[in-house]
Structures are given as structure tokens and as C-alpha cells.
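Trainee: I have a new structure to look at, and I would like to learn how to read it. Could you walk me through it?

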Amino acid sequence: MELEKKIKTVLKKINRQGIENITAAIILRILIGVGFVVVLWFLRSYSVDFCLRTLEQETQNLQRDIQLQFSSTQTYLEMLAQLIEEEDDITSEHVIKILQMNENMDMVSRVGIVLPDDQILKPDGDLATPINGITFDELAQKGACITNVEPDSLESDKFVLFFNVPIERSGKTKGILFGVIEPQKLSDYFEVNIFDGNANIFIVDAQNQEYIMDTLHGQIENGASLENHQIKKGYSEEQIINDFADGVGGRTAYFSKRLKEYLYTAYEPIGVNDWFVLVSVPESFVFRETDYIKKVLDWLGIYVAVVLIAFFLWDIVRTRKEIRSKEAMATTDLLTNLKNRNAYEQTLARYEANLPACLACVYADANGLHELNNSQGHAAGDQMLQTVADAFVELFGGKNVYRIGGDEFLVFAEMDVNIVSEKADKAKEKVTQAGYHVSVGTASSEENSDITAVIKAAELRMYEDKKRYYMENGDRRKMR
């Protein structure tokens, strides 16, 4: 009788353990399913975040490129206007030769002069009557400007941009020198090389929401507008409107009727009129790898349900090893061996919390990296970046120099800004001796109240240095 009780007790225990194992297996299966759903959600979130961060960086680079290109073109036209101002007769043979010599310069496909009688002096010396209704008095009142897309003055079926520069003498406007840019040809000068070439560039006039450049649809038509696009859930059309009104950059995703899918987009103000540059990539390319991973995980889930514990333990060990390996590399730029952007952001957070009284910042940008990569290959571009990095490390030490972008470097140094400027100039000279060129700008916490302002001031001075370099060298195609 007592033996029977013991047997029943053991059987109950075994039965209870069996039920517990079955319950545990069911719970584990549910947890695996939930885990896969969560993983996929994180993967999709990471893909979107990585995409938008990439788009933001590329948009900021492109914004600087566009701004410099337009600024240089306008400066060149202003120089031509000054040459023409010296002529008593702005329709003379000499002026015509000047116009002929400057046809098809960079982005400008045609030049001419609007005369006080509203006629247009063409480079061939002929006079033409504008067909778009524009008058000399209207242009003179506007002064020097870049127009938005408007009808061409000579061809009724074309829409173009005009660079208008008054030709003045003795305080009187004698004519309006203009250069014509065809929007559909802007893509020849501005490009992005991300997402296997599937990103598209748009330039939009924020005031009327009309496209100026559109590499997705190609030809710009009058009235082509950014309005009435369906905005993806999680993004706000009101936010876009506010950003455009405030002249600040941002992120969004909107539905493309042509591609029949959402375009993830970053946008930045260009600094020309009310123009914004947008860089977009289709959603299918954002989630291309994630969708593939999902299929793999679906099949992997079946296998994991069978060998759950072994796989789980192995995965923990493997993941920990991988994390430790990646942590060792997380703050180092593999090409230059400098500190990378992760390290820069950590340092930035430290300085945001406690800014030293004497902190100097050097902002540097390698000139012509994109063109060097295109003409001589990426190995030549890598050599250029390593040369720049070595020059700054030699002057400032490896602990103080960061590579924060493709061709951008930054130095923090807790020393007098004059000493830092001298070191930066020496580094710049070393780069020049090696056959390359770098633009630099310096700023100090002594003249700015927070670290962001210090960096921004150094960056602006770097752009001033870059502008001087390209004005002196006269090759605007190398601007980056």
C-alpha cells in the first residue's frame, strides 16, 4: 500500500514536470514569436533611422555644394557686369565679345543684356524682344537676384532660372546682365551616391512649393508642386510647413504617385531665395535588407523551436563577443585611425555639460575629394584623407583630432586660439606641400558661450576659407 502511494507520487511528479515542460515550451514558442516580431520592428526602425541619418548627412553636404556653386556663379556674373560697366556703349563690339566668351559657363547656358528699351542683346549681337513680358524697369527695381523658375524670355515652351545683375554707371542702371540656367540640367552638377544610386534630388521653392530640380521625374513643368502629397503616418505635414517657414531642415516621408510607394526624405534650406534641397530614397530600398532578414528569421524560427536552448546560449556567447569586438572599434575611424564621429559626439556631450574656459576648435574640410575619387579612384581619395589626418595629428596629437564626415575633420584643443590657429595653418601648409588642399576655420570658447556656437563659428570660417580658395583658383567644379 505504501509502495503504491510512492508510485502514484512519482507519477504525479512526472506528469507535473511534463505539463510544466509543455507549458514552458509553449511559452518559449510564444516568446520566440514575440521576440521575432520585436526584432523585426527594431530592424525596421533601425533601417529607417539609418536611412534618414544618411539622407540628412548627404543633404547637408549637397546643400553646401549647391550654395557654393550658385554663389560662385553669381559672383562671376557680377565681375562680368563690372567689366561691361566700363564701356560707354553696352551694345559695343567689345561687350558682344565678352558675352560670346562667357556663353555656356558652368551652369549658365546663355547670357545676355536687357536694355532700357526692353530689348535683349544676345551674344551674336542681335536684338530680340522678350516674350515673357518682363521689362527693364521691373528688373532694375529688383536689383541683383536669382529668380525662381519662370518662362524663358526667348523660348515660350521653356522654363528657366535667371541670374540678374544690374550694369550701373554713375549711379544709373544702363542694362541688366542675365545668365540663364536650365533646371533640367542642374542634375549634371549635383548628385548623390547613396543607396546604390537610387536616391533622388529635389530643389523646391518653399514659398510656392514648386520644384526647381527633380531627378525623379526629370523635366520640370510649370506648376509642378510639392503640395497635396500623402504624408506617411508618424510624420507631420504641419511640421514640414513650419520647417519651410522657419528655414530649418528636417525629415519626412511622403507617397510618390509615380513610384507608388513612400519616399523617405531629408531636407535642408539652401540659403538661396526660399529654396530647399531634398534627398529622397524609396521605401523599398530602405527595407530591402530587412525584408530579406524577415524571410530568414521565419525559417530560422522553426529551427530555433527545436534547438532553442543550445541556440540561445550560443547566440548569447557570440553576441557578447561581437559586442566586445565592436565596442573596441566604435570610436576609431578605420581609414585614418583618427577618432570617429561616435567619439566626437561623446566629447561634444562632455563639453556641453562643462565647457572649458579656454577651448579652441579647428574645423577642416578637404577640397576636391569627390572629384579626386571620380578621376583617380577611391584609393587616391583615401590617400588624400590620410595625408590630411597625418598633418593634423602631427600638430595636435591623435587624441584631439576627429574625422566627423567624409571629408570633414575637427580638432578640440584646450589652449590659446592664436596658438591653435598657427598649428592649423602649419597643418594646412603640410597638406598643400603633399599636393592637396584643405580649408580650415578656428574659433574659441572665449568668444562663444557654448560648444555648439564654437563649432558653428569655426565651420563658418572654414567655408570662408574654402570660398577664398576657389575664388583664387577659379575652378568651381571642385567645390565640396
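Trainee: What percentage of the residues in the protein chain is buried?

Mentor: Good place to begin, and please keep in mind that this is a predicted model. Of the 480 residues in the protein chain, 44% are buried. The accessible surface comes to about 25,900 Å², and carbon and sulfur atoms account for 52% of that area.

Trainee: How many helices and strands does the protein chain have?

Mentor: The protein chain has 12 helices and 16 strands. You can also ask how far along the sequence the contacts reach. If you take contacts between residues at least 6 apart in sequence, 60% of them join residues at least 24 apart.

Trainee: Which pair could I look at as an example of residues distant in sequence?

Mentor: Try Thr73 and Phe163, which are 90 residues apart in sequence, while their C-alpha atoms are 8.5 Å apart in space. Thr73 sits in helix H1. Its relative accessibility is 3%, so Thr73 counts as buried.

Trainee: Which residues form the nonpolar patch on the surface?

Mentor: The patch is made of Ile26, Ile30, Val34, Val38, Trp41 and Phe42, and together they have about 610 Å² of accessible area. Take Ile26 as one member: it belongs to helix H1, which covers residues 2-85. Is there a label for how open it is? Because its relative accessibility is 47%, Ile26 counts as partly exposed; the label "exposed" is kept for values over 50%.

Trainee: Now for charges. How many salt bridges does the structure hold?

Mentor: There are 19 salt bridges in the structure. To read one, look for a Lys or Arg side-chain nitrogen within 4 Å of a carboxyl oxygen of Asp or Glu. Lys158 is a good case, since it pairs with Glu155, with the closest N and O atoms 3.9 Å apart, and also with Glu182, where the closest N and O atoms are 3.1 Å apart.

Trainee: Which parts of the chain does the pair of Lys158 and Glu182 tie together?

Mentor: Lys158 lies in the loop between strand S5 (150-151) and strand S6 (159-169), and Glu182 lies in the loop between strand S7 (172-181) and strand S8 (200-205), so the salt bridge ties together parts that are 24 residues apart in sequence.

Trainee: Are the residues around Lys158 and Glu182 buried or partly exposed?

Mentor: Let us go one by one. Lys158 is buried, with a relative accessible area of 17%, and Glu182 is buried too, at 11%. Glu155, by contrast, counts as partly exposed because its relative accessibility is 36%. Glu182 has another partner, Lys185, with the closest N and O atoms 3.5 Å apart. Lys185 counts as partly exposed at 40% relative accessibility.

Trainee: Which residues are linked in a network of salt bridges?

Mentor: Asp49, Arg53, Glu56 and Arg251 are linked in such a network.

Trainee: Last topic: how many cavities of 30 Å³ or more does the structure hold?

Mentor: The general idea is that rolling a probe the size of a water molecule over the atoms shows where empty space is left. In this structure there are 3 cavities of 30 Å³ or more. The largest cavity has a volume of about 80 Å³. Among the residues that line the largest cavity are Val114, Ile120, Asn132, Glu150, Phe162 and Phe178.

Methods:
Residues numbered from 1 in each chain as written. Predicted model: local features only at pLDDT ≥ 70, side-chain atom pairs only at ≥ 80, totals over all residues. Heavy atoms only, no water. Patch = residues over 30% accessible without salt bridge, like charges linked within 9 Å, V, L, I, M, F, W, Y side chains within 5 Å. Areas by Shrake-Rupley, 256 points an atom, 1.4 Å probe, with all protein chains shown as cover. Helix = DSSP H or I, 4+ residues; strand = E, 2+ residues; numbered from the N terminus. Buried < 20%, exposed > 50% of the residue type's maximum accessible area, 1.4 Å probe, protein only. Contact = heavy atoms within 4.5 Å. 1 Å grid on protein atoms, 1.4 Å probe; cavity = no way out; pocket = protein on both sides within 12 Å on 5 of 7 lines; lining within 4 Å. Points joined across faces, edges and corners; volume = space filled by probe spheres on them.
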